[in-house]
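Student: I would like to go through this model with you and ask, for each label we attach to it, what the label rests on.
Tutor: Then let us look at the structure together and set each value against its cut-off.

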Amino acid sequence: MVIMRRNYLLRFFAVASLILGTLWSTAQNNGCSNLNFDQANFNNWVGYTGNYNSCCPTAGIVPGRHTIITNATIDPNTCGGLSTLPPGVPYAARLGNDMTGAQAERLRYNLNVDVSNNLFVYRYAVVLEDPSHSPSDQPKFDLRILDANGNVVDPICGQYSVTSAPGLPGWNTCGQTIWRDWTTVGLDLTSFLGQQITVEFTTYDCDLGGHYGYAYIAASCGSSIID
């Protein structure tokens with residue numbers, strides 16, 4: 001019971017810290033440099049590209065498929081509902097785009113966990129067309145936080161996978177497009193001190209090549225020690 005309470009408190013403090021803006025500073029020197037994209041580039045991130053059925057064999061940042069966001073605008077496919085930056089956060093990245101072609105994109109970041117960065121916070125917003133294909137062909141989005149052995153670090157906060165479909169809880173509709181507003185997740189990495197974890201985000205267009213899927217992501221780290 002004590003351990004469960006501790007984990008829930010740490011998750012609460014992660015979200016509270018994010019709301020207060022304490023984890024999104026202009027520079028981070030606590031072992032997660034540019035995790036928050038504050039260098040306005042993809043330094044320390046690794047980009048990948050591929051297609052729906054093969055994501056993603058080609059390493060490298062591809063302009064237009066991996067995009068840094070520094071100015072908040074309204075996403076054009078959400079009927080005025082989604083900001084391209086989350087509230088109070090100056091930098092983010094867009095993964096994918098609203099073009100088609102059965103493309104897939106991925107971003108990864110390796111984090112060596114210590115006491116200065118064992119509180120990991122990430123945000124995501126997702127925009128998917130819903131062409132009513134079969135579920136195996138629909139646009140989709142995946143995120144995973146993996147340990148050094150490739151295992152998901154937490155079954156609740158360490159993964160999220162969604163395939164485009166009507167009526168998804170917490171999602172909004174704009175014509176043929178469905179979208180999820182910015183969602184914040186805090187993750188306690190204390191049990192991984194001294195280890196490397198991998199943060200991975202992936203987006204997919206539809207398999208048939210005519211409909212898009214993309215996402216916006218933001219992340220940061222800090223210490224879980226409460227002063």
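**Strands, salt bridges and disulfides**

Tutor: To begin with a pairing, strand E7 (residues 140-146) and strand E11 (residues 196-204) run antiparallel and are joined by seven bridges. Within this pairing, Ile145 stands opposite Val199 in E11. Please keep in mind throughout that the model is predicted.

Student: What makes E7 and E11 a pair of strands?
Tutor: Two strands count as paired when there are at least two bridges between them, and E7 and E11 are joined by seven; the condition is therefore met.

Student: Where does this pair sit in the open sheet, and what is the order of the strands there?
Tutor: The sheet is made of six strands in the order E2-E1-E5-E11-E7-E8, with antiparallel pairing. Its edge strands are E2 (54-59) and E8 (159-163), each of which pairs on one side only. On average, neighbouring strands of this sheet are turned by 20° against each other, with direction ignored. In the protein as a whole there are one helix and 12 strands, and along the sequence the helix is followed by the strands, in the pattern α-β-β-β-β-β-β-β-β-β-β-β-β.

Student: Why is the contact between Glu105 and Arg65 called a salt bridge?
Tutor: The limit is a side-chain nitrogen of Lys or Arg within 4 Å of a carboxyl oxygen of Asp or Glu. The closest N and O atoms of Glu105 and Arg65 are 2.9 Å apart, so the pair qualifies. Glu105 belongs to strand E5 (residues 103-112) and Arg65 to the loop between E2 and strand E3 (66-69), so that the pair, 40 residues apart, links distant parts of the chain. Both Glu105 and Arg65 are buried.

Student: How do you know that Glu200 forms a salt bridge with Arg106 and with Arg108?
Tutor: The same limit of 4 Å is applied to each pair. The closest N and O atoms of Glu200 and Arg106 are 3.8 Å apart, while those of Glu200 and Arg108 are 2.7 Å apart, so both pairs count as salt bridges. Glu200 in strand E11 and Arg108 in strand E5 are 92 residues apart in the chain. Salt bridges with shared partners join Arg106, Arg108, Arg144 and Glu200 into one network, and a search of the whole structure finds four salt bridges.

Student: Why are Glu200 and Arg106 called buried, and why does Arg108 get another label?
Tutor: Buried means under 20% relative accessible area, exposed means over 50%, and partly exposed lies in between. Glu200, at 2%, therefore counts as buried, and Arg106, at 11%, is buried as well. Arg108 has 28%, so it is partly exposed.

Student: What makes Cys32 and Cys221 a disulfide?
Tutor: The cut-off is a pair of cysteine sulfur atoms within 2.5 Å, and the sulfur atoms of Cys32 and Cys221 are 1.7 Å apart, so the pair is counted. Cys32 lies in the loop between helix H1 (2-20) and strand E1 (45-51), and Cys221 in strand E12 (residues 213-222), so the disulfide ties together parts that are 189 residues apart in sequence. With relative accessible areas of 0% for Cys32 and 2% for Cys221, both fall under the 20% limit and are therefore buried.

Student: Why is the disulfide of Cys55 and Cys56 called left-handed?
Tutor: The torsion about its S-S bond is about -70°, so the disulfide is left-handed. Cys55, at 22%, is partly exposed, whereas Cys56, at 11%, is buried.

Student: Which handedness does the link of Cys79 and Cys174 have, and how far apart are the sulfur atoms?
Tutor: The link is right-handed, with 80° about the S-S bond, and the sulfur atoms are 2.0 Å apart. Cys79 lies in the loop between E3 and strand E4 (92-95) and Cys174 in strand E9 (residues 172-174), so the pair ties together parts 95 residues apart in sequence. Cys79 is exposed because its relative accessible area is 60%, while Cys174, at 13%, counts as buried. The count comes to three disulfides, and with bonded cysteines counted along the chain they follow the pattern 1-6, 2-3, 4-5.

Technical notes. Residues are numbered from 1 along each chain as its sequence is written. This is a predicted model: local features need pLDDT of at least 70, side-chain atom pairs count only at pLDDT 80 or more; totals for chains, interfaces and linings use all residues. Side-chain values use heavy atoms; hydrogens and water are left out. Helices (H or I, at least four residues) and strands (E, at least two) are DSSP runs, numbered from the N terminus. Axes are lines fitted to C-alpha atoms, for helices over the stretch in contact, and angles run from 0 to 180 degrees between N-to-C directions. Buried means under 20% relative accessible area, exposed over 50%, partly exposed in between (1.4 Å probe, protein chains only).
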